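Here are my notes after a pass through this one. Have the viewer open as you read, since the points go from cavities to strands.

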Amino acid sequence: MNKIRFYLTNRFILFILSVIAFLSLNFFFTKNLLPTPDVKNVWFYSGLFMILFSALFIEPYYSSPKNVITNSIPLFLVYLSIQQSFKSNKLWWCFITFIILLITMSIVAMALRNDEKSEESWQNKVSSKLKSIAVIFGQGKVIYSVVFISIMYLYKTELLVSFSDTYFYILLLLWGLLLLIDTKRIHSNFSLQKEEKNKDALGEIFSVQSNNMFLVKLFEDKTNINKFDIVRFRYRMDKTKNNISNGFIFDTYNLNAQKWAKILTIYSTHQENISKFNRNTVYKISNLSEKNQMTELLNVDNFVGVVIEGSKIGVIKFEYSKKVNNLQEGDLLELTIENTRIFYQVFGGITDFEKLENKNESGFIEGEAIQLGTWNCSTMSFEKYGWLPQINTPIFLANTTNIETPTFEYPEFELGTIPNTTLPSIIDLHTAASHHLALLGVTGAGKSFLTRILIKELQKDTKIICVDFTGEWKIEFDDEETEDFTTIDEVIENDKISLIELSSVSNTTESLNETNSLLQEIFTFAKQNVGHKKICLILEEAHTIVPETTFLGDYGDYSANKALVNKMSQIALQGRKYGVGLFVIAQRTANVSKTVLTQCNTIISFQAFDETSFNFLGNYIGKDLVQALPNLKKYHAIVTGKAIKSNIPMIVNLERSTDE
């Protein structure tokens with residue numbers, strides 16, 4: 001029974017059966033296989049044939065004002081030519097007015113349509129209403145029924161003379177049956193296997209957007225599908241006969257009262273029993289065991305999105321689509337180019353929309369990620385990759401559990417890890433100190449915690465001297481760890497942290513003089529004792545110790561203060577030649593001497609909000625990554641510079657270090 005129903009809903013079989021039935025009836029009643037070429041017969045049978053043809057081959061695919069005009073204008077010309085044949089002039093005017101109204105409504109509907117205005121504008125509302133009316137009354141079954149009925153009325157007497165009443169009424173019955181054809185249920189498939197796979201068949205491929213993204217027109221009864229449902233299909237253009245494409249539903253949306261889906265394919269598999277898959281038909285995998293296996297194989301749980309237009313070698317843009325909405329700034333992503341794993345780090349995202357048709361739009365999130373490159377285990381660093389992925393390349397959360405990192409020893413130190421991964425960010429503490437390190441960010445972001453850990457590591461072979469303006473370091477370290485600074489000769493051999501407490505901020509010139517004297521004394525000692533011992537000078541609240549010259553006018557004698565700052569900056573520039581390094585700690589770059597800051601070859605930047613910091617740091621970490629600064633979590637920072645093993649700016653989670 002199901003097979004019979006399947007064949008009787010095939011448009012080609014219905015057409016053939018209808019033609020055979022008509023020819024058989026005509027031969028039975030008139031003894032002629034084909035109708036006579038009389039004008040009345042030609043129009044009578046033409047109307048009946050066009051109803052059949054429209055119901056089977058036109059209306060199932062489209063019906064629009066353009067289609068209505070195409071149907072109506074030829075009929076308008078025909079009715080003009082046969083006006084004299086109508087016995088009732090009023091009836092002729094009814095028919096011709098009906099056709100003129102359809103043409104007029106269709107033209108006005110298209111003319112009023114304005115894609116620059118919303119659907120709620122009066123123009124588009126009227127256009128939509130006129131379109132609906134025109135399509136309802138202008139469809140083939142309706143408008144060609146007008147031809148059929150009018151010719152029947154016009155030539156009723158002559159038609160009954162030509163053949164019997166029974167044949168005439170049978171043809172009327174045939175017309176009624178044609179009107180009952182459900183255009184939504186007919187199909188073009190001759191394979192019985194369509195019926196067997198009907199419960200899993202979702203729709204047919206409508207277009208190809210890339211080599212792995214397909215647009216699918218879903219069957220009307222398939223409303224129970226969701227994003228990330230696992231699917232497979234046999235693509236008509238696939239050169240390998242036994243290949244099945246495997247993927248999942250990337251997105252779904254409604255357009256023109258129909259449901260559509262984007263299918264992303266990840267890879268192809270060889271299928272021996274290929275005959276059960278109709279070409280270009282997409283099937284849902286409903287078997288739970290097979291579904292779970294394929295979900296794991298396709299890595300659906302870690303899928304993040306696909307590469308979209310506007311991507312560059314260094315920065316990719318991607319359409320975000322994740323099963324669980326938990327992607328965060330700093331997360332590590334990966335994709336594959338020619339079997340090479342390329343890593344990217346998320347630094348931003350915006351909402352956007354995709355233009356579908358006219359005013360139909362589909363909203364989505366556009367993410368941005370900066371390229372870190374390939375991971376080199378031997379050097380524990382990322383290396384830039386010289387090209388970019390193709391559009392619609394799938395992107396996944398990086399899985400780094402299978403990446404082994406070699407052991408390392410001091411002066412190398414694990415600064416932190418890439419967020420939510422096992423990949424470390426390694427810093428060379430000797431290089432960080434000798435070539436100066438800047439720790440920047442707002443209060444409470446984690447600068448002091450990280451500095452304390454770095455100081456404890458450096459104490460192994462480096463003399464630490466803290467210029468403590470606020471008294472914070474006296475609190476951070478106990479008395480057994482610190483000592484008050486006396487003279488450089490007395491404290492240099494001591495392994496304790498030497499603290500220098502400066503005067504109150506109310507006497508800035510005096511503080512600058514004290515700092516200058518200190519730097520001069522340390523520099524002189526280092527110059528005279530080259531190679532004796534490395535020295536690292538910690539400048540807390542650096543805006544007070546080495547302020548930017550534009551702020552010196554507020555401190556008193558501008559000229560004298562500027563000379564002091566310039567002198568200190570020169571000492572800082574030359575200090576590294578003799579083993580004297582700086583840790584510059586500041587909240588805002590605007591207030592700190594740029595001469596000093598620009599000599600810091602390693603930057604660790606925590607959360608920041610001011611435009612000056614963005615402009616300054618943009619030269620070090622890039623204009624793209626600097627956008628991430630306002631949103632950084634506590635104990636998360638962007639690190640870059642000479643001392644970092646991977647000399648590529650990246651977001652690092654420092655929490656593990658701060659807990660040590």
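How many cavities of 30 Å³ or more does the count come to? Keep in mind that this is a predicted model.

1. The count comes to four cavities at that cut-off of 30 Å³ or more. The largest cavity holds about 60 Å³ of space.

2. Now the walls of that largest cavity. Its lining is made up of H436, L519, F523, L537, I571, A572, G575, V580 and L582. Three elements each give two or more residues to this lining: α16 (508-528), α18 (558-575) and β21 (580-586). Helix α18 has the largest share, with three residues.

3. On chemistry, the lining of the largest cavity splits into seven nonpolar residues and two polar ones, with no charged residue. For that split, Gly counts as polar.

4. Elsewhere in the model, six strands form a closed barrel, in the order β1-β2-β5-β4-β3-β6, and the pairing is antiparallel. From one strand to the next, the twist averages 40°. As a reminder, strands of a sheet pair through backbone hydrogen bonds, either parallel or antiparallel.

5. One pairing to look up is β3 (residues 230-233) with β6 (residues 281-284), which are antiparallel over three bridges. Within this pair, F233 stands opposite V282 in β6.

6. Finally, there is a helix on the sheet. Helix α11 (residues 288-297) packs there and touches β3, β4 (243-255) and β5 (258-270). The direction of α11 makes about 90° with that of β3.

Notes: Residues are numbered from 1 along each chain as its sequence is written. This is a predicted model: local features need pLDDT of at least 70, side-chain atom pairs count only at pLDDT 80 or more; totals for chains, interfaces and linings use all residues. Side-chain values use heavy atoms; hydrogens and water are left out. Two strands pair if DSSP finds at least two bridges between them. Helices (H or I, at least four residues) and strands (E, at least two) are DSSP runs, numbered from the N terminus. Axes are lines fitted to C-alpha atoms, for helices over the stretch in contact, and angles run from 0 to 180 degrees between N-to-C directions. Contact means heavy atoms within 4.5 Å. On a 1 Å grid over the protein atoms alone, a cavity is a set of points where a 1.4 Å probe fits but cannot get out, and a pocket is an open set with protein on both sides within 12 Å along at least five of seven lines; lining residues have an atom within 4 Å of a point. Grid points are joined across faces, edges and corners, and a volume is the space filled by probe spheres set on the points.
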